[in-house]
Amino acid sequence: MVELFDARTAVPYLADRIGIDPDRAVVTPLGGGVSNVVLAVDDGARSVVLKQALHRLRVADEWTAPQERAESEAWAMTLAATLVPGSVPEVVHHDPDRHALVVARAPASWTDWKSRLLAGEIDPAVAARIGDVVGRWHRATLDGAGVPPRMRAAAAFEQLRVEPYYRTAARRAPTYARALLAHAAALAAPPRPTLVHGDLSPKNVLVGDRTALIIDFEVAHLGDPAFDLAFLLSHLTLKSIHRPEWTEAFRSCTTVFAAAYTASAGAGLTPDWPRVHGHVGCLLIARVHGKSPAEYLTAPQRETTVARGAALLHHPPSHVEELFA
């Protein structure tokens, strides 16, 4: 097991690796470090983020994942930047021995999309940007084109998404087990695989200066593109349940995201919406009964979430416009 970085050890490491000035460096732990050590380091001349993959995640449940996912993340971000320049932060350095990754930090004025959505700043232009970028990633890597061999293994995706979401929810909510497990099995055999981000959550979208960057590629792999669509749509649905007064704005984001994705992904990746919505149903149930419950939902909202998820599993709509019906 490798030694984990902290505020004391990060500075000399970065001074040696990328030339950070140790006399001027300021280290700030960043939130969201459930599965990684995440430290921002700024010496006045440059600002970077040091990430190091954890073996055991910082959650109540027993939840482990291979630390080697940091190497896959570096490869995936490099590939994504090549496919759509300006869509991800620059990879500055990666260290396979320490399972660490250093990326350029976004300007301090930028904020994550999750915070904006929960504050009522629901801008469909951000959804359109994400849909366009992800559609272009998927189109460029359709059937595995250009995807390096290490991205074809999905161990981290299994341990960080399929097991804690689908399989755990199936054990804890046996009423839906058959459908959950069937959808989990389908993820392993997509009809036309692409590069899949695997964690397309609003917290992993940084917004500012009329554009957006997508971060956190630790479960990226060659897999089912429907999962990326479903993951983002599940988050928008959850937030509409949490703040029903903003439902129409969240609905607008879903349709704009879907339209932008469909336009950029091309005819070979026209979404199978019943398939996508089935996965949205699984993910909604998993955000109540899985290992990563949505922290902002109240008890009544959790009941609504499961009911909405069950409805999508049993009667998945044929069009994205019907997701909020």
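**Legends to close-up views of a predicted model**

**View 1. Overall fold of the protein.** Among contacts in the protein with a separation of 6 or more, 72% join residues that are 24 or more positions apart. The model shown is predicted. It contains 10 helices and 10 strands. The radius of gyration is 19 Å, close to the 20 Å given by the globule rule for 325 residues, so the protein is as compact as a globular protein of that length. Along the principal axes, the C-alpha atoms fill a box of roughly 60 × 40 × 40 Å. Buried residues make up 54% of the 325. The accessible surface comes to about 13,300 Å², and carbon and sulfur atoms contribute 54% of that area.

**View 2. The five-stranded sheet.** An open sheet is formed by 5 strands in the order S1-S2-S3-S5-S4, with antiparallel pairing. Strand S1 (26-29) and strand S4 (91-95) are the edge strands, each pairing on one side only. From one strand to the next, the twist averages 20°. Helix H1 (residues 7-18) packs on this sheet and touches S1, S2, S3, S4 and strand S5 (100-104). The direction of H1 makes about 110° with that of S4.

**View 3. Pairing of S2 with S3.** Strand S2 (residues 36-42) pairs with S3 in the antiparallel sense, and the pairing extends over 7 bridges. One of the residues to look for here is Val37, whose bridge partner in S3 is Gln52. Strand S3 itself covers residues 47-53.

**View 4. Surroundings of Lys51.** Lys51 lies in strand S3. Is this lysine buried or exposed? Lys51 has a relative accessible area of 8%, and the limit for a buried residue is under 20%, so Lys51 counts as buried. The side chain of Lys51 makes a polar contact with the side chain of Glu73, at 2.9 Å. Leaving aside residues up to four places away in sequence, Lys51 touches Asn36, Val37, Val38, Glu73, His99, Ala100, Leu101 and Asp216. Glu73 thus appears both in the list of residues touched and as the polar partner of the Lys51 side chain. Val37, also in contact with Lys51, is the residue bridged to Gln52 in the preceding view.

**View 5. The three-stranded sheet and helix H4.** Strands S6, S8 and S9 form an open sheet of 3 strands in the order S6-S8-S9, and the pairing is antiparallel. Strand S6 (111-112) and strand S9 (211-214) stand at the edges with a single partner strand each, so one side of each has no neighbour in the sheet. S6 pairs with strand S8 (residues 205-208) in the antiparallel sense over 2 bridges. Which residue of S8 is the bridge partner of Thr111? That partner is Val207. Helix H4 (residues 124-140) lies across S8 and S9 and runs at about 50° to S9.

**View 6. Thr304 in helix H10.** Thr304 is found in helix H10, which spans residues 299-314. The relative accessibility of Thr304 is 37%. This value falls between the limits of 20% for buried and 50% for exposed, so Thr304 counts as partly exposed. The view also includes His242, which is 62 residues from Thr304 along the chain. The C-alpha atoms of Thr304 and His242 are separated by 9.7 Å.

Terms used. Residues numbered from 1 in each chain as written. Predicted model: local features only at pLDDT ≥ 70, side-chain atom pairs only at ≥ 80, totals over all residues. Heavy atoms only, no water. Pairing = 2+ DSSP bridges. Helix = DSSP H or I, 4+ residues; strand = E, 2+ residues; numbered from the N terminus. Contact = heavy atoms within 4.5 Å. Axes fitted to C-alpha atoms, helices over the stretch in contact; angles between N-to-C directions. Buried < 20%, exposed > 50% of the residue type's maximum accessible area, 1.4 Å probe, protein only. Polar contact = N/O pair within 3.5 Å; in protein donor to acceptor, adjacent residues only side chain to side chain. Rg over C-alpha atoms; globule rule 2.2 N^0.38 Å. Areas by Shrake-Rupley, 256 points an atom, 1.4 Å probe, with all protein chains shown as cover.
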